Amino acid sequence: MVLVACGTRPQQPAAHPDWSYNSVVYEMNVRQYTPEGTLAAAARHLPRLRELGVDVVWLMPVYPIGIKERKGTLGSYYAISDYEAVNPEFGTLEDFDRFLAEAHRLGLRVILDWVANHTSPDARWIEERPADWYV
């Protein structure tokens with residue numbers, strides 16, 4: 001895609017948002033970040049991350065993990081069963097909303113690890129959209 005503004009020459013769009021180029025990004029694995037392994041417990045650590053100079057908290061997948069064909073007892077974060085829910089091990093959607101609100105209060109951005117082609121065999125979308133989203 002090429003952007004053209006009236007009276008200017010075409011410019012290629014930036015590969016990433018401007019704010020991201022000089023940001024300090026901290027990847028957080030909620031399950032292992034605190035002894036509790038929850039969003040509520042992780043949120044209590046956000047002020048410390050801000051003090052360390054973190055600008056962006058990158059959450060590894062926080063979605064429910066599928067059961068069908070699960071590898072081991074915990075399963076893979078990337079065997080996602082529902083991209084529109086929160087893994088109950090980590091808390092509730094309201095806990096996620098509170099985590100996000102605290103991050104924003106501190107001036108932190110939050111990005112989610114979201115890989116659309118990584119779903120579990122029992123993913124909700126496989127049942128809902130088998131013909132047009134999955135082959």
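Among contacts between residues at least 6 apart in sequence, 63% link residues at least 24 apart in the chain. The model in which these contacts are counted is predicted. The chain has 135 residues, and 35% of them are buried. Its exposed surface comes to about 8700 Å², with 57% supplied by carbon and sulfur atoms.

The secondary structure consists of 6 helices and 3 strands. Read from the N terminus, the order of the elements is β-α-α-α-β-α-β-α-α.

Several of these elements meet in the interior. The largest nonpolar core holds 27 residues, and those touching the most other members are Met28, Leu46, Val57, Leu59 and Phe99. At least two residues of this core come from each of helix 1 (30-33), helix 2 (39-43), helix 3 (46-51), strand 2 and helix 4.

Leu46 can serve as a way into this region. Setting aside neighbours within four places in sequence, Leu46 is in contact with Val57 and Phe99, both of which are also listed with Leu46 among the core residues that touch the most other members. The remaining contacts of Leu46 beyond those neighbours are Glu102, Ala103, Leu106 and Leu108.

The loop between strand 2 (56-59) and helix 4 (93-105) contains Glu69. What is the phi of Glu69, which is not a glycine? The value is positive, about 60 degrees. Most residues other than glycine have a negative phi. Is Glu69 buried or exposed? Glu69 counts as exposed because its relative accessibility is 57%, and the cut-off for exposed is over 50%.

Methods:
Residues numbered from 1 in each chain as written. Predicted model: local features only at pLDDT ≥ 70, side-chain atom pairs only at ≥ 80, totals over all residues. Heavy atoms only, no water. Helix = DSSP H or I, 4+ residues; strand = E, 2+ residues; numbered from the N terminus. Buried < 20%, exposed > 50% of the residue type's maximum accessible area, 1.4 Å probe, protein only. Contact = heavy atoms within 4.5 Å. Areas by Shrake-Rupley, 256 points an atom, 1.4 Å probe, with all protein chains shown as cover. Core = buried A, V, L, I, M, F, W, Y, C linked by side-chain atoms within 4.5 Å.
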